[in-house]
Amino acid sequence: SIKGKAAVRSSAESGTVSMFWQQAPNDFQLKLVAPFGRGTLDIQSDERGVKMLDAKGREHRAATAQGLVWMKTGWEIPFEDMQGWVVGLADDPGNATIKVDAQARTLGFTSKGWKVSYPAYRQVATKAGKVDLPRKVYISSKDLVVKLSIGEWLVGEGVQ
């Protein structure tokens, strides 16, 4: 699970939201809260696909989170890939563009038209010990820039 902020910028608009993302092996929940009471989006996966509750409490459904967000915003955000990207994993470990630092942490890569970079990491406590996880993740395509600033990680039993 992560708590943090997300900034999104397209050629037409930009904005920031508070972000709460819980990821389990077979499902996820992503809650985005806009400032000044401008609304909340709650996106959840279940056995029937993905549903979103918008700021007016209306439910919308699609087969994938990427498809649902595309239908509602016009933004093509690769949520399925981002589930790995947010923890510092490239979707294809054999990707020749992957750059790592001396501690073997991913610094960045390109994938499917997206540039992903990790300008900052933090140590997070887990049941198995401490692990380095991204504190900042920047994801950009030709049309969209998404900057995640992760304030808190919850991994298993550990919190940081």
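Q: In which strand does Gly 4 lie?
A: Let's start at the beginning of this predicted model. Buried means under 20% relative accessible area, and Gly 4 is buried at 15%. The strand that holds Gly 4 spans residues 2–10 and is S1.

Q: Which residues is Gly 4 in contact with, leaving aside its neighbours within four places in sequence?
A: Gly 4 lies in strand S1 and has a relative accessible area of 15%. Leaving aside neighbours within four places in sequence, its contacts are Val 17, Ser 18, Met 19, Ser 149, Ile 150 and Gly 151.

Q: What distance separates the C-alpha atoms of Gly 4 and Gly 94?
A: Along the chain, Gly 4 and Gly 94 are 90 residues apart. In space, their C-alpha atoms are separated by 30 Å.

Q: Which side chain is joined to that of Ser 18 by a polar contact of 3.0 Å?
A: Ser 18 is found in strand S2, residues 14–23. Not counting residues up to four places away in sequence, Ser 18 touches Gly 4, Lys 5, Lys 31, Leu 32 and Val 33. The polar contact of 3.0 Å joins Ser 18 to the side chain of Lys 5.

Q: Which residue stands opposite Val 100?
A: Strand S7 covers residues 99–100 and strand S8 covers residues 106–111. These two strands pair in the antiparallel sense over two bridges. Opposite Val 100, in S8, stands Thr 106.

Q: In the hairpin of S7 and S8, which residue takes a positive phi near 65 degrees?
A: This hairpin has five residues between the strands, and S7 and S8 pair in the antiparallel sense. The residue with a positive phi near 65 degrees is Ala 104.

Q: Which residue in the turn between S8 and S9 has a positive phi of about 50 degrees?
A: S8 pairs with strand S9, residues 114–126, in the antiparallel sense over four bridges. Ser 111 stands opposite Trp 114 in S9. The hairpin of S8 and S9 has two residues between the strands, and the turn residue with a positive phi of about 50 degrees is Lys 112.

Q: Is Lys 112 buried or exposed?
A: Lys 112 meets Asp 91 in a salt bridge (3.4 Å, N to O). That pair links distant parts of the chain, 21 residues apart, with Asp 91 in the loop between helix H2 (79–85) and S7, and Lys 112 in the loop between S8 and S9. Asp 91 counts as partly exposed because its relative accessibility is 30%. At 62%, Lys 112 is exposed.

Q: Which residue is linked with Asp 91 and Lys 112 in a network of salt bridges?
A: The side chains of Asp 91 and Lys 112 meet in a salt bridge. In the network, these two residues are linked with Asp 81.

Q: How far apart are the closest N and O atoms of Asp 132 and Arg 105?
A: Asp 132 forms a salt bridge with Arg 105, and the pair links distant parts of the chain: Asp 132 in strand S10 (residues 129–140) and Arg 105 in the loop between S7 and S8, 27 residues apart. Asp 132 is partly exposed at 27%, and Arg 105 is partly exposed at 23%. Their closest N and O atoms are apart by 3.5 Å.

Q: How many salt bridges does the structure hold?
A: Side chains of opposite charge can pair when their charged atoms come close. One such pair is Arg 61 and Glu 59, which meet in a salt bridge at 3.2 Å, N to O. Arg 61 is partly exposed at 29%, as is Glu 59 at 45%. The number of salt bridges in the structure is six.

Terms used: Residues numbered from 1 in each chain as written. Predicted model: local features only at pLDDT ≥ 70, side-chain atom pairs only at ≥ 80, totals over all residues. Heavy atoms only, no water. Pairing = 2+ DSSP bridges. Salt bridge = Lys/Arg side-chain N within 4 Å of Asp/Glu carboxyl O. Buried < 20%, exposed > 50% of the residue type's maximum accessible area, 1.4 Å probe, protein only. Contact = heavy atoms within 4.5 Å. Polar contact = N/O pair within 3.5 Å; in protein donor to acceptor, adjacent residues only side chain to side chain.
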